[in-house]
Amino acid sequence: MVEIFVVYSICKKTVENAKARGKKTGIAVLYTILLWLGMEFYGAFYSAFLLGYFGVYEKLNLLVYVFALGFAAIGGYLAVLISKVAKPIHAESSSTSSYSAVGNLGFSLTRDLRKGVDDISKPWDKR
């Protein structure tokens, strides 16, 4: 039951971060829940495998649950971290509004790479 409240609070945090960056809040909730559950199952299977491999599963089966919750917490932390570092969405200028989103992305990447190459190719220019 406590786990549900923890997931709810993490979802609220990722929604706040998504709203601050202009992202869709439903997607933030979706990847938060998927990361939490996915990492929880991964932790459970991983610890059960390790304990079974070393032959101590019968003695330490509570450790599987501890590993599962630990990995779930890591998944929740990753969800909050992803929502914090996501780039904000800015309004496009009218000059680039005729391009598609992929075209704009390609143009900005090309421009950024060209700028980096210009900086490297002219080492004698001291700016």
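Asparagine 17 is buried in this predicted model, with a relative accessible area of 11%. The residue belongs to helix α1. Once neighbours within four places in sequence are set aside, the contacts of asparagine 17 are Val80, Ser83 and Lys84. Asparagine 17 is one of the buried residues of α1, a set that also includes Val7, Ile10, Cys11, Thr14, Val15 and Ala18. These residues lie on the same side of α1, because the arc they cover around the axis is only 165 degrees. Their packing partners are α2 (25–53) and α3 (62–85). On the face turned away from this buried side, α1 carries the exposed residues Val2, Phe5, Tyr8, Lys19 and Ala20.

Helix α1 itself comprises 19 residues, from 2 to 20. The distance from its first C-alpha to its last is 27 Å, close to the 27 Å expected at 1.5 Å a residue. Just beyond the end of α1, glycine 22 adopts a positive phi of about 75 degrees.

At the level of the whole chain, 4 helices and 0 strands are assigned, in the sequential pattern α-α-α-α. The chain has 127 residues, of which 20% count as buried. Among the contacts with a separation of 6 or more, 66% are made by residues 24 or more positions apart.

The largest nonpolar core consists of 6 residues, namely Val7, Ile10, Cys11, Trp36, Ala72 and Val80. At least two residues of this core come from each of α1 and α3, and the largest share, 3 residues, is supplied by α1. In soluble globular proteins, nonpolar side chains tend to be buried together. Within this core, tryptophan 36 touches Val7, Ile10 and Ala72. Further contacts of tryptophan 36 are Glu3, Val6, Ala73 and Gly76, when residues up to four places away in sequence are not counted.

A second buried polar position is serine 47, found in helix α2. Serine 47 counts as buried because its relative accessibility is 1%, against a cut-off of under 20%. Excluding residues up to four places away in sequence, serine 47 touches Leu63, Val64 and Phe67. The C-alpha atom of serine 47 is separated by 9.2 Å from that of asparagine 61, a residue 14 positions away along the chain.

Aromatic residues were examined next. A pair of aromatic rings is described by the distance of the centres and the angle of the planes. The count comes to 6 aromatic pairs. In one of them, phenylalanine 49 and tyrosine 53 have ring centres 6.1 Å apart and planes at 25 degrees, so this pair is stacked. Phenylalanine 49 and tyrosine 53 are separated by about one helical turn, because they stand 4 residues apart in helix α2. Both positions are exposed: the relative accessibility is 54% for phenylalanine 49 and 61% for tyrosine 53. Tyrosine 53 also pairs with phenylalanine 54, with ring centres 5.2 Å apart and planes at 80 degrees, so this pair is edge-to-face. Phenylalanine 54 likewise counts as exposed, at 60% relative accessibility. Elsewhere, ring pairs join Tyr42, Tyr46, Phe67 and Phe71 into a cluster. Phe67, a member of this cluster, is also among the residues touched by serine 47.

The confidence of the prediction is given by a mean pLDDT of 79 for the protein chain, with 70% of the residues reaching 70 or more. Over residues 91–107, by contrast, pLDDT stays under 50. For that segment the model has 4 contacts beyond four places in sequence.

Technical notes:
Residues are numbered from 1 along each chain as its sequence is written. Side-chain values use heavy atoms; hydrogens and water are left out. The expected span of a helix is 1.5 Å times one less than its number of residues. Buried means under 20% relative accessible area, exposed over 50%, partly exposed in between (1.4 Å probe, protein chains only). The arc is that of the directions from the helix axis to the C-beta atoms. Contact means heavy atoms within 4.5 Å. Rings of Phe, Tyr and Trp (its six-membered ring) pair if their centres lie within 6.5 Å; planes under 30 degrees apart count as stacked, over 60 as edge-to-face and the rest as tilted. pLDDT is the predictor's confidence in each residue, from 0 to 100. A nonpolar core is a set of buried Ala, Val, Leu, Ile, Met, Phe, Trp, Tyr and Cys residues joined through side-chain atoms within 4.5 Å.
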